[in-house]
Amino acid sequence: MDNAQKKAWRRRLPFCVTLLLLLSSFTYLFRPFWFDEVLTLDNFVMRPPLSRIYFLYEIPNNHIIFSMLEKLWIDFLALFLNTPFFLFRGLSVLAGALALFLLAKRMIRSCGLYGGGLLCAAFAASSACGIFATGIRGYMLGFLFTVLALLFAEKIVKRPSPPGFLGFFLICILSVGTTPTNLAALEAVALFHAPALWKRKRRLRSLLYLFAAPVLALVLFYAPIRGKFLQCLQLGEGWFSAGSAVWNLYASFALIFAGSLPFCIAGFFHLRKKYPRLRLMCIAGFLLFLLPLPAFFVFKAPAFPRVFFPLFPVWILTAGYALCAYLKMTKRSPALKTLPLFLQILCAALLVNTVSHAGDALFGSGRNDDITLPYYARSGFDPQKVVSLIQERVHAGERPLVFASFDSDYPSVLFYVSCTDLPENTVIADLPNRPKITRLDFHTGKCYLVTGGKNDLEQTMRRFGFTVSEPVWTGTFQRLDQVVK
């Protein structure tokens, strides 16, 4: 390939990667809204005015900057009549497309067409990328802010200047304002550039700035609502097991790059062994992957693995440098050089149709997976089916009372009930900041339970004193049963 062709592909490949992301996102664009998405829409986007969103931080589900932008996005969509719900996901899709375009340009410039393009394409084609790029949550927006932080930090490394410092700080404000856990991704950006700045004694101030700016941004952004912020820290919400959270995060990342990861590891050790002057960079690269660990073991409850999704750009870029080292190491062997490309394409092609089986093999089920293919992105999650069955009974003349348990993802059920003509209080659930429902025997008609599975059904029946159940519909993650005393 001559220089003219290389230049042409340097321009084209970021667009190709972006197109690949849009194709992988299409699969998940029409999935039902799930628990956190409904909370985001109902509590922080649809109802409050824009000026109030910042102050609604009773629970950390409010990704403040994302909620504000999502409200503006939905208000824009409201200018057009009969906007379908799936377009609510458009903001995250746009954030993902821009992030992958910029990341691909950055990696192609630093790691070459082969190394940079391969890893970006592998990520763009993954189920994790498609799911987060269509989520009505702030994680893909956080991913974009990490990419932008990398670009501004690179400017500071090359030539410290007020625009670079100001731009980096503004990105930090937006990133931690989306979710405070993005602090880890921003500190990862600083750690990534630390070796380059450490060797330039005159630029130690720039290095200190990169580490200090995210912390200062976090303090400044949440200072006016510090009381609510501290209360959220004390809630103790998180994943059910520290070991499971660690495994889910790292195994999900490794699965995306299964075909090229062995070669990245080989390149990493080659760099460390052959180039002693780069050992500081290798140490920093290794530490980048350890950054999330304290959040799984230090706090009251382990952090959700998904909160570290915005770290992925730094991890992908680090892997890109390692793969680039492997390619240089094998430049005299065309077979070894093309092996990562062949294996990565093979793995990505296999995962397209078998990702649910891979997720089950690694994590047990969708409920134990927070990144690769969570339960809400699977076909067994179908709140619309549950609601349609309830509608059938009402239209047939019944006056049922339906209780949706917490584990059934009750917000999704209530959301789709709100889109129907069902009578008020046909479907009820335990709601946040309200006393739990203790009795259902005030209703004289038929009773139904929406639960998350057999164990949840049995527990809910014992709670209300039901002894007999008759299944109406059974999905993998939700089911509807008629129950009697």
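Biologist: Buried means under 20% relative accessible area. With that in hand, how many of the nine residues of helix H19 are buried?

Modeller: Seven of the nine, so helix H19, which spans residues 410–418, is largely enclosed by the rest of the structure. Do keep in mind that this is a predicted model.

Biologist: Which residues of H19 are the buried ones?

Modeller: They are Tyr410, Pro411, Ser412, Val413, Phe415, Tyr416 and Val417.

Biologist: And what do they pack against?

Modeller: Two helices and three strands: helix H2 (35–46) and H18, together with E1, E2 and E3.

Biologist: Those strands sound like part of a sheet. In what order do the strands run?

Modeller: The order is E2-E1-E3-E5-E4, five strands in an open sheet with mixed pairing. At the edges are strand E2 (427–428) and strand E4 (468–474), each pairing on one side only.

Biologist: How do E3 and E5 pair, parallel or antiparallel?

Modeller: Antiparallel, over five bridges, with E3 covering residues 447–451 and E5 covering residues 479–484. To find a spot to look at, go to cysteine 447, which stands opposite valine 483 in E5.

Biologist: Which helices pack on the sheet?

Modeller: Helix H18 (residues 383–395) is one of them, touching strand E1 (401–404), E2, E3, E4 and E5. The direction of H18 makes about 115° with that of E4. Helix H20 (residues 454–464) also packs on the sheet, where it touches E1, E3, E4 and E5. For H20, the angle with the direction of E3 is about 140°.

Biologist: Let's switch to the nonpolar interior. Which residues of the largest nonpolar core touch the most other members?

Modeller: That core has 137 residues, and the ones touching the most other members are Phe123, Phe143, Phe168, Phe308, Phe312 and Ile316. Helix H5 (residues 90–124) gives the most to this core, with 17 residues.

Biologist: What is phenylalanine 123 in contact with, leaving aside its neighbours within four places in sequence?

Modeller: Its contacts beyond those neighbours are Leu100, Cys129, Phe143, Ile256, Phe257, Phe309, Phe312 and Ile316. Apart from the largest core lies another one, of eleven residues, including Leu401, Phe403, Cys447 and Met461.

Biologist: Next, helix H14. Which of its residues are buried?

Modeller: Cys282, Ala284, Gly285 and Leu288 are, in a helix that runs over residues 279–288. Looking down the axis of H14, you would find these buried residues within an arc of 160°, so they line one face of the helix.

Biologist: What covers the buried residues of H14?

Modeller: The cover includes helix H9 (183–198), H13 and helix H16 (312–329).

Biologist: H13 has a glycine at 267, I see. Is glycine 267 buried or exposed?

Modeller: Buried, as its relative accessible area is 0%. Glycine 267 is in contact with Ala322, Ala325 and Tyr326, once its neighbours within four places in sequence are left aside. The C-alpha atoms of glycine 267 and threonine 330 are separated by 9.8 Å, although these residues are 63 apart along the chain.

Biologist: Now charges. How many salt bridges does the structure hold?

Modeller: It holds 14. In one of them, the side chains of arginine 137 and aspartate 36 meet, at 3.9 Å from N to O.

Biologist: Why does that pair tie together parts that are apart in sequence?

Modeller: Because arginine 137 lies in the loop between helix H6 (127–132) and helix H7 (139–158), while aspartate 36 lies in helix H2, and those parts are 101 residues apart in sequence. Both arginine 137 and aspartate 36 are buried.

Biologist: What about glutamate 154, which residue does it form a salt bridge with?

Modeller: Arginine 106 is one partner, with the closest N and O atoms 3.4 Å apart. Glutamate 154 lies in helix H7 and arginine 106 in helix H5, so this pair ties together parts that are 48 residues apart in sequence. Glutamate 154 counts as buried at 13% relative accessibility, and arginine 106 counts as buried at 4%.

Glutamate 154 also forms a salt bridge with lysine 158, where the closest N and O atoms are 3.7 Å apart. Those two both lie in helix H7, four residues apart, or about one turn of the helix.

Biologist: Is lysine 158 buried or exposed?

Modeller: Exposed, at 55% relative accessibility.

Biologist: Last one: which residues do salt bridges that share partners join into one network?

Modeller: Asp36, Arg137, Arg306 and Asp370.

Key: Residues numbered from 1 in each chain as written. Predicted model: local features only at pLDDT ≥ 70, side-chain atom pairs only at ≥ 80, totals over all residues. Heavy atoms only, no water. Pairing = 2+ DSSP bridges. Contact = heavy atoms within 4.5 Å. Axes fitted to C-alpha atoms, helices over the stretch in contact; angles between N-to-C directions. Buried < 20%, exposed > 50% of the residue type's maximum accessible area, 1.4 Å probe, protein only. Arc of directions from axis to C-beta. Core = buried A, V, L, I, M, F, W, Y, C linked by side-chain atoms within 4.5 Å. Salt bridge = Lys/Arg side-chain N within 4 Å of Asp/Glu carboxyl O.
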